[in-house]
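Please look over the sequence and the model shown here before reading the report that follows.

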Amino acid sequence: MILRRSRLLVALLVIYPIAIALLIGLAISRSPARAHVAILDETAPGETVQVGGEHVAVNQYVRQLLSQVQAVEVSSRAQAVAKIQSGAVIAAVVIPADLAARLASDVEQARLEVIYNGNALEQSLVQSTLNSALAKANLGFSEQIQQAAAGAIGTLLKGGNLATIGAPENLIGLSEIPSTLGAIIARQPRGHDRSELERVDAFAGFAAQNLTLAKRVLSTISQPIRVKSVLLHGRRTPLNTFAVVVAVSVSLMFVCVLLASGAVALEREERALSRLIRGTPGRGGHLISREALLAEKTLLAAGCSFVLAFAMLAGIGAFVALDWARVGLWLLALAVAAVAFAALGVAIGALVREVRAASLLAFLLSLPLAFLALVPAGAVSSGFYDVIGALSFVFPFKASLQALDAAVNGASPSIGLSVAHLAVLAAVFGGLARVGLQRPE
Amino acid sequence: MSAVLSVRALAKSYGGLQALREVSFDIHEGELAALIGPNGAGKTTLLSIIAGIQGPSAGTISRAPGDVGWAPQYPALYSKLSVAENLELFARLEKVSDPRAAVERMLDQTGLRERAGAAVGRLSGGNRQRVNVAVALLGEPEVLLLDEPSASLDPEQRERLWEFVAGLQAHGTTVVFSTHNVSEAQRHAGRVLVLADGRLVFDGAPRELLAAGGEGDGGDLEGALVRFLRERASSCTRAGAHPGAEL
């Protein structure tokens with residue numbers, strides 16, 4: 001009845017899942033695959049870097065870089081700065097005019113200039129985005145240089161035209177020298193000349209072997225390490241669907257804990273609690289027992305937030321590919337998580353005397369718990385992570401997240417474990433709420 | 001007259017604090033009895049134990065908590081619900097056989113029919129207190145306990161409340177109320193129970209308390225009470241006993 005009277009609350013309960021589902025769905029489905037970055041290319045058109053007998057075009061590097069980001073080409077530094085300040089791009093990369101000269105130089109490293117703006121979070125995003133883009137561009141460019149160098153080494157080994165580096169035309173290949181020289185040595189009488197020729201022959205054979213090795217080394221150092229990923233448990237969870245699970249879990253938690261804590265605290269605030277749990281005139285029993293009151297508040301909050309969370313999940317499902325064949329597991333996870341959150345809520349509500357205090361306490365408790373549950377192992381010291389783990393274990397957020405992740409994505413741990421964990425937490429918080437409700441008004 | 005409520009040797013302690021000590025009295029059918037005394041004397045504690053809000057440390061009460069109507073000092077109502085909704089909700093919770101009829105009866109009895117659809121939070125203090133009392137009467141109890149019913153009401157609201165309470169008594173309901181306002185007890189109660197330091201130190205008609213405090217009929221009951229308590233305190237000090245040691 002009170003919910004029906006609180007039109008603002010009912011409106012919020014209806015609008016909230018729709019708005020959040022739309023926002024998350026659009027954010028995930030419409031987010032640009034690549035960051036918008038302004039590119040100012042100051043190099044001369046057609047400029048190349050010479051490697052061995054090959055010329056590698058500098059604009060190849062620019063093209064590599066452009067392919068890693070959503071490039072917005074600009075013609076001047078001022079235009080680049082203006083685009084950053086307007087928010088059209090997250091950063092600008094200036095490819096300086098002396099890039100080719102520095103690449104060709106033995107002593108100076110080629111440098112790019114990155115211009116960006118914004119707060120620490122935006123700066124971190126720019127750095128990680130550009131570091132990744134530049135690493136890929138560098139890799140592509142080094143592969144081209146490696147191919148040019150390998151071509152030059154191949155010509156040195158097999159013979160041919162190396163005129164571009166000032167060598168005579170139709171050079172004999174280094175690998176051909178041992179067989180050619182061997183035939184000449186065989187015709188030479190024993191003596192000093194033959195010994196000298198044999199030394200030259202040995203050097204040519206050794207040099208050819210090592211140049212062959214160098215060619216292989218070149219291909220290795222262009223990408224020395226490749227990554228093979230092995231997931232120990234469960235299915236790999238796509239980041240998009242994990243984001244959905246986090247969003248739904250956070251919403252479920254806030255709505256459920258706030259509703260349940262507020263509903264119980266309201267009984268004290270309206271001073272109705274003592275009237276409800278004392279005897280009934282003419283009948284001698286309670287109007288409602290403490291246990292029944294808590295169960296009613298728990299189920300009301302859990303029911304409302306369950307419907308809201310499922311609506312949210314279904315709404316986001318319009319944007320993100322979710323496996324609807326697992327909908328039974330979604331419902332199980334959402335229902336048990338809602339009951340656990342509601343039990344936490346009624347425990348908070350039983351501790352305080354005012355709805356505002358209950359809401360504040362619920363918010364102050366829920367927000368850091370959600371944050372802590374998302375801290376990955378290795379991001380903090382092991383001791384602190386153990387503390388976080390213990391805290392997350394005794395509150396329902398992490399278990400709910402795991403249950404929903406298992407239900408939606410088939411991630412580990414299994415949904416059975418998480419559901420059992422949540423059931424235990426619901427019983428514990430229900431017990432605490434019962435103790436809290438024992439206090440006189 | 002037969003006793004409709006008997007309290008025997010009632011005691012209540014909170015840790016080392018003795019809030020009630022050996023309190024015994026009978027309330028008879030149709031009485032309108034006032035419970036008076038200084039702050040901290042134990043008036044609210046006594047009523048809340050009879051109402052079943054908290055348990056006694058010792059002693060007995062003849063009626064089960066559920067057999068008395070109880071209206072707390074501050075209205076225990078849902079402010080967002082209307083008068084009729086509050087009455088119907090509590091009637092249903094009390095499993096009254098015909099909740100709608102009970103609501104209609106209470107709206108007539110309290111004179112709040114015109115405000116039946118108004119949210120309780122928007123009512124005046126006096127009307128809220130009427131609804132508070134009406135909820136206590138839903139189960140048609142023989143005994144009604146009112147804890148400081150006129151506190152926070154203006155004179156006109158108080159007057160209307162007492163007219164309402166007098167109407168209840170006229171219909172046979174036994175009423176026990178606590179108050180700080182001794183003149184209210186003098187005007188409306190047929191009997192006063194004086195609590196001091198957790199002990200029942202006087203039980204009698206208002207005129208008997210006037211006499212005990214050195215006042216004649218129609219005198220100042222508040223002055224008489226103050227003098228009575230002072231004389232009792234000094235006589236107990238002379239005797240080396242607790243000020244409220246004997247009735």
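## The open sheet of chain B

In this predicted model, chain B contains an open sheet of six strands in the order β5-β6-β7-β3-β8-β9, and the pairing within the sheet is mixed. Strands here are DSSP runs of E with at least two residues, helices are runs of H or I with at least four residues, and both are numbered from the N terminus; two strands pair if DSSP finds at least two bridges between them. The edges are formed by β5 (68-71) and β9 (199-204) of chain B, each of which pairs on one side only. From one strand to the next the twist averages 20°, where axes are lines fitted to C-alpha atoms, for helices over the stretch in contact, and angles between N-to-C directions run from 0 to 180 degrees.

At the β5 edge, β5(B) runs parallel to β6 (residues 143-147) of chain B and is joined to that strand by four bridges; Gly69(B) has Leu144(B) in β6(B) as its bridge partner. Helix α1 (residues 43-51) of chain B packs on the sheet, where it touches β3 (32-36), β5, β6, β7 (174-178) and β8 (191-196) of chain B, and its direction makes about 145° with that of β6(B). Contact in this report means heavy atoms within 4.5 Å.

## Strand β3 and its neighbours

Which strands does β3(B) join through four bridges each, and in what direction do they run? Four bridges join β3(B) to β7(B), and these two strands run parallel; four bridges also join β3(B) to β8(B), again in parallel. Leu35(B) illustrates both connections, with Ser178(B) as its bridge partner in β7(B) and Leu193(B) as its bridge partner in β8(B).

In a regular strand the side chains alternate between the two faces of the sheet. In β3(B) both faces are covered, with Leu32(B), Ala34(B) and Ile36(B) buried on one side and Ala33(B) and Leu35(B) buried on the other. Five of the five residues of β3(B) are therefore counted as buried, since buried means under 20% relative accessible area, whereas exposed means over 50% and partly exposed lies in between, using a 1.4 Å probe and protein chains only.

## An aromatic pair in chain B

Over all chains the structure holds six aromatic pairs. One of them is formed by Phe202(B) and Phe228(B), which meet edge-to-face at 5.6 Å centre to centre with 75° between the planes. Rings of Phe, Tyr and Trp (its six-membered ring) are taken as a pair if their centres lie within 6.5 Å, with planes under 30 degrees apart counted as stacked, over 60 as edge-to-face and the rest as tilted.

This pair links distant parts of the chain, as Phe202(B) lies in strand β9 of chain B and Phe228(B) lies in helix α8 (residues 221-239) of chain B, 26 residues apart. Both Phe202(B) and Phe228(B) are buried.

## Chain B as a whole

Chain B has eight helices and nine strands, and 52% of its 247 residues count as buried. A compact globule with 247 residues would have a radius of gyration near 18 Å, and the 19 Å of chain B agrees with this; the radius is taken over C-alpha atoms, and the globule rule is 2.2 Å times the number of residues to the power 0.38. Along its principal axes the C-alpha trace of chain B spans about 60 × 40 × 35 Å.

Among the contacts in chain B with a separation of 6 or more, 65% are between residues 24 or more positions apart. The accessible surface of chain B comes to about 10,300 Å², of which 48% belongs to carbon and sulfur atoms; accessible areas come from the Shrake-Rupley method with a 1.4 Å probe, and for residues only the protein chains shown count as cover.

## Chain A and its helix α9

Chain A has 16 helices and eight strands, and 39% of its 441 residues count as buried. Residues 24 or more positions apart account for 72% of the contacts in chain A with a separation of 6 or more. Chain A exposes about 23,300 Å², and carbon and sulfur atoms supply 62% of that area.

Ser251(A) is found in helix α9 (residues 239-269) of chain A and is buried, with a relative accessible area of 3%. Not counting residues up to four places away in sequence, Ser251(A) touches Tyr16(A), Ile20(A) and Met312(A). Asn240(A) is also found in helix α9 of chain A, but counts as partly exposed at 40% relative accessibility. The C-alpha atoms of Asn240(A) and Val320(A) are separated by 7.4 Å, although these residues are 80 apart along the chain.

## Conventions

Residues are numbered from 1 along each chain as its sequence is written, while chains are lettered from A and ligands numbered from 1 in the order in which they are written. Because the model is predicted, local features need pLDDT of at least 70 and side-chain atom pairs count only at pLDDT 80 or more, while totals for chains, interfaces and linings use all residues, and side-chain values use heavy atoms, with hydrogens and water left out.
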